[in-house]
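User: Could you take a close look at one helix-to-helix contact in this model and walk me through who touches whom? Once that's done, feel free to wander on to other packing details.

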Amino acid sequence: MDNQLSVVDGKMVLSPEEKKQLVDKIDNMIEANKTNRLDINRLVFECTACLTEADDTANKIKQRGWFRRLIGRITGSNTKLQNKVSNNMIAAQYASQVTLQKIAEQNLLTFDLITAVNNKLNATIETTNNKFRNQLILIGKFFLKNRSDIINLEVRLSKVEKNVQLLNWQGAIEYQTYNDIEYKQLDDISKIVCLARDFYDITKGKWSGTDLMLLKTAMKQIGMKPSQKINYISVIKGIALNPELKNKLYGNRVLRTSIDPTYLVSFSAIERMNSFENKDKAVVATVEALLKESGIQPDLDIIKMELTSEYMKNTANLNLDYDVDSYDILLDLLYNLNQLYEEKMLKLDIDAFKLFLKHDPKEVFESIKELASEENDAKALYVLGRYYENGFECVQMNDEKAVEYYKQAYKAGYIPAGYELVERMQKDSSKRNELLSQIKDEILARASSGEAVSQYLLSKMYYYGDGVEKSLEMAFSMAKDAAKCGDGMAQIILGNMYKNGEGTQKSDFSAFECFDNITANRSVLAQRYIGHMYYAGEGTKESKEKALKYFLKAEKQGDTALFILIGNMYYYGEGAETSYAKAYNYYIKASEINDIKAMNAIGDIYHHGYGVVEVNLYKAIEWFEKAAALGDDNAQLELGYIYWKDFNHNIKANKNEALKWFMNLVNKGNIKAQHAVAIIYAEKVVKGEFDKFSDACYWLKKEADRDDVEAEYYLGVLYLNNGIGCSINLDDILLDLGNMLGTAGKNILKNELGMNIDEKKMTSSLKEARKWFDKAYKYGGTQIQNKIIDYITERSTSCSQLHKEVIEKYFKQYMKG
């Protein structure tokens, strides 16, 4: 079939030059608007309206706004051409015919648009006379041929990706319910409405012709034939006079402005019929009274239908009392619905608090955003603040954004939002006290009237004693009232109060129940608390696996405080297999927010070469220095140890650098650092790197006072060294040792080495050495004994194996004595 639209012959009224000018203007107009779906759709409806105009009186049609707009768009700045087309109906219809043909040639007609136009043509045929009936039928065939071509083209291209969500929905359609009734059990009009709403919600108005064909399968699955005839005006009545069904179709929205009945036919009729239920009830009452006066018992629904039918005839020349395929009316509703959304003609008609408190926060997030952004709804702005404070698995937690939304809510008129700002102000500041006094009475009044959000805020005020007398019992009571109304954040307050036994009896089980409540557990805070309770087995069975699951949920929403904890769980294999790589990644994340524990953990990984990295003391020092710069004692201690003991890899140890880090901590009373300073001083004195014997003894004795064995050993060594001087001759050392140690082993030295011990020659230093070695042996036993033997034999350059054996025997005998 040749898909040409030939309803009007332009030769009758336009010269070849004028026709060429007109075609050029139309090409330019379409090129400028082809990416604007709304403009193209409206243009198609206006051109169709012009072609189906049965009145050839130019003056009458010129008065219609859509006609003036159409001719102006087609002819542009060509005044001469504009005047000719405006004043001649045939010329205007020819221009419309060419425009539709060009739009079709560029594949700018959509499946749903064509269906809506065709339904309008059917309604027009019902009202027109025979003179134009054939003309309308030709136009209808043109559109239907284009609809068929759209589907064939998509099938041939085979590039159309099926919407997975649509397929899943269609696959389970027979189990979907409306008001707890399965779709297949609903009446036909309710089925059509539910399918239209579901389809729009899944596609958000972005559908293809093949997507729309899925609706035929869905209709069959719920017991409805797509070709089944249904009366158009009856569908309008079934929706308009059923507020719940109308609300379902509109998605809890209402119109901002009136609808053009020549453009969006079905919704215009729905709105008009619905008006007779509300603002225009008086009209119905008047007709009812007149009928009663005439002795006729009126049917109010029939009156509303008749009034609506007359309105559509008078304003759009349409008769809606005709039968249409069920599938076509479904597409008609979808087209109208999409156009209303695209032109932002619908606005949400629901209380933001009811929406938020009665539903899963994740399911209503987009609606809350819409209320806040498009309506500047104060309650919705407040709820958005809640989202950014708690995440609710919709946004990343961001307190700055939360505060900004709380400010906007306060400015937009929701006064209680001011308390969220008060909480973040400096305690007892004049600005804080002033704002608190301004909002207190409003919060008290709203809480008293049962508003859950104000009850939640008042609960916090009682808890902290902000503007009211502090009362944990009242805080608990208010939180409980708010929680009953679905406030998840009140559930978290209750959970904490149960856990801490504040204002109520302590109960970990009740705390866990509150945190795990469905209205709360999408909150970052609830997920964190549930994780901790699973981790510790408080109020529930211990489960590191579940703890990690909730920690990961909270972290995904922006709970950065959990980075270090999750890193540790992967590091130690708690709740998951040990993964140094994952632990390292979480430690890095935590370090980026200046988490000192994470910096230390990374330093430790580089220090010991765990898992993902090799030993790298340079890197270890780098990370420990970052933590130390933030005042962390542990990092300074680790730096001291590295510089003292761990510098290998061709790097010399640096005891002076170690002392610098340790001394910083000694001044803070750090015992470990004090011990390290004492031992380093001792080592330096023994090796001749430090000549301040008294300073070394000072620090060692501080440690010895705590019965530190190593300090006692080194005191013995220092005093021994001080007693024997710089001798490296074994005989001299043994004689001095014999003098130091007394009679306990002198017979061994005399009998086996022929050495005579003179106890009178024992110096004060040797006596001190003996005292400290005695103490060291008392607490350190054989280990200390071996250290003394090794030290003495290492000191001598002339120590034979025989001598070493004698020394060991001698010290064992001495230590026993």
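Analyst: On the H30 side, the residues doing the touching are Phe563, Ile564, Ile566, Gly567, Asn568, Tyr570 and Tyr571, and they meet Tyr580, Lys582, Ala583, Tyr586, Tyr587, Lys589 and Ala590 of H31. Sorted by class, that contact has 10 nonpolar, 2 polar and 2 charged residues. Before going on, keep in mind that this is a predicted model.

Now the geometry. H30 covers residues 563-572 and H31 covers residues 580-591; their axes are 8 Å apart and the packing angle is about 165°. Angles over 145 degrees count as roughly antiparallel, and therefore H30 and H31 are roughly antiparallel to each other. As for handedness, H30 passes H31 in a left-handed crossing.

Let's set another pair beside it. Helix H14 (residues 265-275) and helix H16 (residues 300-316) have axes that come within 9 Å and cross at roughly 135°. That angle makes H14 oblique to H16, and the crossing of these two is right-handed. From H14, the contact is made by Val265, Ser268, Ala269, Arg272 and Met273, while H16 brings Lys304, Met305, Thr308, Tyr311 and Met312. The class count for the contact of H14 with H16 is 6 nonpolar, 2 polar and 2 charged residues.

A third pair is H12 (residues 232-240) with H13 (residues 243-250), whose axes come within 6 Å and cross at roughly 100°. So H12 is roughly perpendicular to H13. Here Gly238, Ile239 and Ala240 of H12 meet Leu245, Lys246 and Leu249 of H13. The residues of this contact divide into 4 nonpolar, 1 polar and 1 charged.

Leu249 is a handy bridge to the next spot, since Leu249 of H13 takes part in that contact and is also touched by Arg197. Arg197 sits in helix H10 and counts as buried, at 4% relative accessibility. Not counting residues up to four places away in sequence, Arg197 touches Lys248, Leu249, Tyr250, Gly251, Leu337 and Tyr341.

Tyr341 is worth following too, because its ring pairs with that of Tyr200: the centres are 4.5 Å apart and the planes are at 15°, so the pair is stacked. Tyr200 lies in helix H10 (residues 188-203) and Tyr341 in helix H17 (residues 326-342), so this pair ties together parts that are 141 residues apart in sequence. Tyr200 counts as buried at 7% relative accessibility, and Tyr341 is buried with a relative accessible area of 17%.

Phe353 and Tyr414 give an edge-to-face aromatic pair, 5.2 Å centre to centre with 80° between the planes. Phe353 lies in helix H18 (residues 352-357), whereas Tyr414 is in the loop between helix H21 (399-411) and helix H22 (418-422), so the pair ties together parts that are 61 residues apart in sequence. Phe353 counts as buried at 5% relative accessibility, and Tyr414 is buried with a relative accessible area of 1%. Phe353 and Tyr414 also belong to one aromatic cluster with Tyr382 and Tyr406. For the structure as a whole, the tally is 31 aromatic pairs.

Finally, two lysines, and the accessibility cut-off tells them apart: buried means under 20% relative accessible area, exposed over 50%. Lys684, in helix H36 (residues 671-686), has a relative accessible area of 8%, so Lys684 is buried. Leaving aside its neighbours within four places in sequence, Lys684 is in contact with Lys655, Asn656, Leu659, Glu689 and Phe690. Lys484, in helix H25 (residues 472-484), has a relative accessible area of 66%, so Lys484 is exposed. Going C-alpha to C-alpha, Lys484 and Ala452 are 8.4 Å apart in space, with their positions 32 residues apart in sequence.

Technical notes: Residues numbered from 1 in each chain as written. Predicted model: local features only at pLDDT ≥ 70, side-chain atom pairs only at ≥ 80, totals over all residues. Heavy atoms only, no water. Helix = DSSP H or I, 4+ residues; strand = E, 2+ residues; numbered from the N terminus. Buried < 20%, exposed > 50% of the residue type's maximum accessible area, 1.4 Å probe, protein only. Contact = heavy atoms within 4.5 Å. Axes fitted to C-alpha atoms, helices over the stretch in contact; angles between N-to-C directions. Parallel < 35°, antiparallel > 145°, perpendicular 65-115°, else oblique. Left-handed = near helix turned anticlockwise from the far one by under 90°. Nonpolar A, V, L, I, M, F, W, Y, C, P; charged D, E, K, R; others polar. Phe/Tyr/Trp six-rings, centres within 6.5 Å; stacked < 30°, edge-to-face > 60°.
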